[in-house]
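Open the model in your viewer and keep the selection tool ready. Each stop says what to pick and what is there.

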Amino acid sequence: MCRQLCLSASSPYNTRCFRGGSMASITFFLAGLSGFFAVALGAFGAHGLKGRLSADMVAVYETAVQYHFYHTFALLAVALLMQLGVQH
């Protein structure tokens with residue numbers, strides 16, 4: 001949908017949308033936001049849920065936060081590749 005509303009530059013990923021941001025910069029922003037939430041949820045789990053959950057459920061929560069970090073790094077890698085203009 002963004003491609004219909006944007007003017008394309010040399011790379012299909014370097015499109016300028018409404019507010020002047022490229023798709024790569026939007027992806028960088030989303031990766032940063034995802035990283036923020038991963039850290040915040042990890043801290044909440046480590047400090048806020050310490051005495052409220054069983055050891056098994058804390059392990060499940062930690063695994064979920066760890067996967068959240070992995071996906072944040074993957075999103076960051078995609079943003080870097082988009083910034084470099086790598087195409088599939």
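The tour follows one helix, its two faces and a few of its residues. Keep in mind that this is a predicted model.

**Stop 1: the whole helix**

Select residues 23–48, which form helix 2. Helix 2 has 26 residues. From its first C-alpha to its last, helix 2 reaches 36 Å, close to the 38 Å expected at 1.5 Å a residue.

**Stop 2: the buried residues**

Now pick Ala 24, Thr 27, Ala 31, Ser 34, Gly 35, Ala 38 and Gly 45 and colour them. These are the buried residues of helix 2. What do they pack against? Add residues 55–84 to the view: this is helix 3, and the buried residues of helix 2 pack against it. As you look along the helix, recall that an α-helix has 3.6 residues a turn, so residues three or four places apart point the same way.

**Stop 3: Gly 35**

Zoom in on Gly 35, in helix 2. Is Gly 35 buried or exposed? Its relative accessibility is 17%, and the cut-off for buried is under 20%, so Gly 35 counts as buried. Next, add Tyr 70 and draw a C-alpha to C-alpha distance. Gly 35 and Tyr 70 are 9.6 Å apart in space, with their positions 35 residues apart in sequence.

**Stop 4: Ser 25**

Move to Ser 25, another position in helix 2. Ser 25 counts as partly exposed, at 33% relative accessibility. Select Gln 83 as its partner for a second distance. The two C-alpha atoms are separated by 7.8 Å, although Ser 25 and Gln 83 are 58 residues apart along the chain.

**Stop 5: the nonpolar patch**

Switch to a surface view. Select Ile 26, Phe 29, Leu 30, Leu 33, Phe 36, Phe 37 and Leu 41. Together they make a nonpolar surface patch of about 650 Å².

**Stop 6: two rings in the patch**

Stay with Phe 36 and Phe 37, and show their side chains. Phe 37 lies in helix 2. How many aromatic pairs does the structure hold? There are 3. In the pair made by Phe 36 and Phe 37, the ring centres are 5.4 Å apart and the planes meet at 70°, so the pair is edge-to-face. The cut-off for that label is over 60 degrees. Now compare their accessibility. Phe 36 is exposed, with a relative accessible area of 51%. Phe 37, at 41%, is partly exposed.

Technical notes. Residues are numbered from 1 along each chain as its sequence is written. This is a predicted model: local features need pLDDT of at least 70, side-chain atom pairs count only at pLDDT 80 or more; totals for chains, interfaces and linings use all residues. Side-chain values use heavy atoms; hydrogens and water are left out. Rings of Phe, Tyr and Trp (its six-membered ring) pair if their centres lie within 6.5 Å; planes under 30 degrees apart count as stacked, over 60 as edge-to-face and the rest as tilted. Buried means under 20% relative accessible area, exposed over 50%, partly exposed in between (1.4 Å probe, protein chains only). Patches are made of residues with over 30% relative accessible area and no salt bridge: like charges are joined within 9 Å, nonpolar side chains (Val, Leu, Ile, Met, Phe, Trp, Tyr) within 5 Å. Accessible areas come from the Shrake-Rupley method with a 1.4 Å probe; for residues, only the protein chains shown count as cover. A salt bridge is a side-chain nitrogen of Lys or Arg within 4 Å of a carboxyl oxygen of Asp or Glu. Helices (H or I, at least four residues) and strands (E, at least two) are DSSP runs, numbered from the N terminus. The expected span of a helix is 1.5 Å times one less than its number of residues. Contact means heavy atoms within 4.5 Å.
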